[in-house]
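Let's go through this one by asking what stands behind each label. Here is the structure to look at while we talk.

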Amino acid sequence: MKPPLSDTLVICDMDNTLLTAKEGIPACNRAVIQLYTGMGGLFTVATGRPPESIRAALGNIRLSLPAISCNGALLYDFSAESVLHRSTLNREQATTAILDILNKFPHIGVEVMAGNGEMFVIHANEVTHAHQVDEHLGSIACPVVCADG
């Protein structure tokens with residue numbers, strides 16, 4: 001007899017859904033995930049976060065299936081520690097979009113997640129700094145000229 005929930009999949013957003021700003025993943029969420037997966041249910045996450053940030057936030061929670069990360073640009077399998085699928089803009093498309101945004105909003109912070117999960121800070125401000133500190137993210141400073149090659 002197969003487990004009662006083996007045909008069900010829960011894909012959960014992370015920020016302000018699975019996680020809270022104050023405590024990360026609340027104990028009640030951890031308990032429900034453990035109970036659900038223990039009954040055969042499948043669980044994974046979909047988030048804007050890169051794999052390193054997902055790993056840090058989840059702690060000992062194991063995902064049943066690959067995570068949808070970087071806002072859908074990266075499908076990452078934590079059990080195999082590998083990228084299964086990557087969908088990114090090419091450098092010219094990304095540079096054009098960034099320059100257009102910075103032209104219209106010169107004080108905006110710009111972070112770019114690369115296809116391998118690295119984060120490039122194209123235009124830093126207090127928000128990009130706080131994001132890196134809050135999420136314990138490493139980054140590479142890379143002004144638009146860096147993006148141009």
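Q: Is S69 buried or exposed, and what makes it so?
A: Bear in mind that this is a predicted model. S69 has a relative accessible area of 0%, and buried means under 20%, so S69 is buried.

Q: Where does S69 sit, and which residues does S69 touch?
A: S69 belongs to strand β3, residues 67-69. Leaving out residues up to four places away in sequence, S69 touches T47, R49, P51, I54, L74 and Y76.

Q: R49 is one of those contacts. Why is R49 called buried?
A: Its relative accessibility is 9%. The cut-off for buried is under 20%, so R49 counts as buried.

Q: What makes R49 and D15 a salt bridge?
A: The closest N and O atoms of R49 and D15 are 2.6 Å apart. A salt bridge needs a side-chain nitrogen of Lys or Arg within 4 Å of a carboxyl oxygen of Asp or Glu, so the pair of R49 and D15 fits the rule. The two come from distant parts of the chain, 34 residues apart: R49 is in the loop between β2 and α2, while D15 is in the loop between β1 and α1.

Q: And why is D15 called partly exposed?
A: D15 has a relative accessible area of 34%. Partly exposed lies between the 20% and 50% cut-offs, so that is the label for D15.

Q: How many salt bridges are there by this rule?
A: The count is three. One of them joins the side chains of E81 and R55, at 2.5 Å from N to O. E81 is in the loop between β4 (74-77) and β5 (82-86), R55 is in helix α2, and the two are 26 residues apart. Another is formed by K104 and D100, with the closest N and O atoms 3.0 Å apart. K104 and D100 both lie in helix α3 (residues 91-104), four residues apart, or about one turn of the helix.

Q: Why do K104 and D100 get the labels they do for exposure?
A: K104 has a relative accessible area of 54%, and exposed means over 50%, so K104 is exposed. D100 has 38% relative accessibility, so D100 counts as partly exposed.

Q: How do you know that β1 and β2 pair?
A: Pairing takes at least two bridges, and four bridges join β1 (residues 9-12) to β2 (residues 42-45). The two strands run parallel. In one of these bridges, I11 has T44 in β2 as its partner. Together with helix α1 (residues 27-38), β1 and β2 make a right-handed β-α-β unit.

Q: What makes up the largest nonpolar core?
A: This core has 17 residues, and those with the most contacts inside it are M14, L18, F43, V45, I54, L58 and L63. The elements giving two or more residues are α1, β2 and α2 (51-58). The largest share, three residues, comes from α2. Apart from this core lies another, of seven residues, including I98, L102, I122 and V144.

Q: Which residues is L18 in contact with?
A: Beyond its neighbours within four places in sequence, L18 is in contact with C12, D13, G24, I25, P26, N29, I33, F43, V45 and L58.

Technical notes:
Residues numbered from 1 in each chain as written. Predicted model: local features only at pLDDT ≥ 70, side-chain atom pairs only at ≥ 80, totals over all residues. Heavy atoms only, no water. Right-handed = clockwise from strand over helix to strand, strands pointing away. Buried < 20%, exposed > 50% of the residue type's maximum accessible area, 1.4 Å probe, protein only. Contact = heavy atoms within 4.5 Å. Core = buried A, V, L, I, M, F, W, Y, C linked by side-chain atoms within 4.5 Å.
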